[in-house]
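This report goes through a single protein chain, from its sheet to its side-chain pairs. Please keep the sequence and the coordinates at hand while reading.

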Amino acid sequence: MLTEHEQSTKLRRTFENRVSRSAFKKVDDELRVIGKFAQITILDTGGIDVWIRTPDLVPMGTRKLNNICTAVSTALPEAQIQILDGEAWFQTEYLPDSLFKVLGVRRKAVLTEEHKKAMAERLKAARGE
């Protein structure tokens with residue numbers, strides 16, 4: 001069984017280059033990746049556990065839940081989705097980037113070289129260089 005520190009370190013390493021820093025939140029003394037429609041955590045076996053539910057833990061509408069489950073089934077045909085009343089969950093070994101938008105998880109911003117140069121020039125201008 002992973003300790004709390006090992007679990008949070010493994011979660012950060014798995015998702016650090018894929019999701020925003022603001023997506024990492026501590027819930028029930030456990031670090032999770034929180035989205036508008038999901039909470040994601042790492043299992044002791046190294047798998048990924050995804051709980052589809054709103055952050056305030058209010059049951060989700062049937063249509064929204066079915067739409068999310070359909071998108072997950074399309075992206076991960078091998079995932080066995082367990083649908084309950086107003087929520088669902090599944091476990092997988094890998095979570096594709098295409099599902100982050102469906103689950104409402106904020107992605108990490110990716111800056112192009114042009115954008116980095118423009119930001120550096122604005123910084124130089126602001127400093128008066």
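The text below covers the sheet, the aromatic and charged pairs, and two polar residues of a predicted model.

**Sheet**

The sheet is open and is formed by 6 strands in the order β1-β2-β3-β4-β6-β5, with antiparallel pairing. Strands β1 and β5 (82-83) stand at its edges; each has a single partner strand, so one side of each is left without a neighbour in the sheet.

Strand β1 covers residues 24-27 and strand β2 residues 30-34; the two run antiparallel and are joined by 4 bridges. Within this pairing, F24 has V33 of β2 as its bridge partner. The hairpin of β1 and β2 has 2 residues between the strands, and D28 takes a positive phi near 55 degrees there.

Further along the order, strand β3 (residues 38-42) pairs with strand β4 (residues 48-52) in the antiparallel sense, over 5 bridges. A38 has its bridge partner in β4, namely I52.

**Aromatic rings**

How many aromatic pairs does the structure hold? There is 1 aromatic pair. It is formed by F15 and F100 in an edge-to-face arrangement, with 6.0 Å centre to centre and 75 degrees between the planes. F15 belongs to helix α1 (residues 4-15) and F100 to helix α3 (residues 98-103), so the pair ties together parts that are 85 residues apart in sequence. F15 is buried, at a relative accessible area of 0%. F100 also counts as buried, with 0% relative accessibility.

Another ring has a charged group over its face: R12 lies over F24, at 4.7 Å from the ring centre. F24 is the β1 residue that was given above as the bridge partner of V33.

**Salt bridges**

Side chains of opposite charge can pair when their charged atoms come close. The structure holds 6 salt bridges. Three of them are listed here with their N to O distances.

| Salt bridge | Distance | Relative accessible area |
|---|---|---|
| K26 and E4 | 3.2 Å | K26 53%, E4 45% |
| D97 and R18 | 2.8 Å | D97 32%, R18 12% |
| E30 and R32 | 3.0 Å | E30 23%, R32 12% |

The side chains of K26 and E4 meet in a salt bridge, and this pair links distant parts of the chain, with K26 in strand β1 and E4 in helix α1, 22 residues apart. K26 is exposed, whereas E4 is partly exposed.

D97 forms a salt bridge with R18. This pair also links distant parts of the chain: D97 is in the loop between β6 (88-92) and α3, R18 is in the loop between α1 and β1, and the two are 79 residues apart. Here D97 counts as partly exposed, while R18 is buried.

In the salt bridge of E30 with R32, E30 counts as partly exposed and R32 is buried. Elsewhere, salt bridges that share partners join R18, D97 and R107 into one network.

**K108 and the residues it meets**

Where is K108 found? K108 is in the loop between α3 and α4 (113-127). At a relative accessible area of 39%, K108 is partly exposed. Leaving aside neighbours within four places in sequence, K108 is in contact with E16, N17, R18, V19 and S20. One of these residues, R18, also takes part in the salt bridge with D97. The side chain of K108 reaches the backbone oxygen of E16 at 3.5 Å. In addition, the C-alpha atoms of K108 and R21 are separated by 7.4 Å, although these residues are 87 residues apart along the chain.

**Q39 in strand β3**

Q39 is found in strand β3. Is Q39 buried or exposed? Q39 is buried, because its relative accessible area is 6% and buried means under 20%. The side chain of Q39 makes a polar contact with the side chain of R32, at 2.4 Å. R32 is also the salt-bridge partner of E30, so the polar contact and the salt bridge share one residue, R32, which is buried at 12%.

Not counting residues up to four places away in sequence, Q39 touches V27, R32, V33, I34, D49, V50, W51, P55 and L57. Among them, V33 is the bridge partner of F24.

Terms used. Residues numbered from 1 in each chain as written. Predicted model: local features only at pLDDT ≥ 70, side-chain atom pairs only at ≥ 80, totals over all residues. Heavy atoms only, no water. Phe/Tyr/Trp six-rings, centres within 6.5 Å; stacked < 30°, edge-to-face > 60°. Buried < 20%, exposed > 50% of the residue type's maximum accessible area, 1.4 Å probe, protein only. Lys NZ or Arg CZ within 6 Å of the ring centre and 35° of its normal. Pairing = 2+ DSSP bridges. Salt bridge = Lys/Arg side-chain N within 4 Å of Asp/Glu carboxyl O. Contact = heavy atoms within 4.5 Å. Polar contact = N/O pair within 3.5 Å; in protein donor to acceptor, adjacent residues only side chain to side chain.
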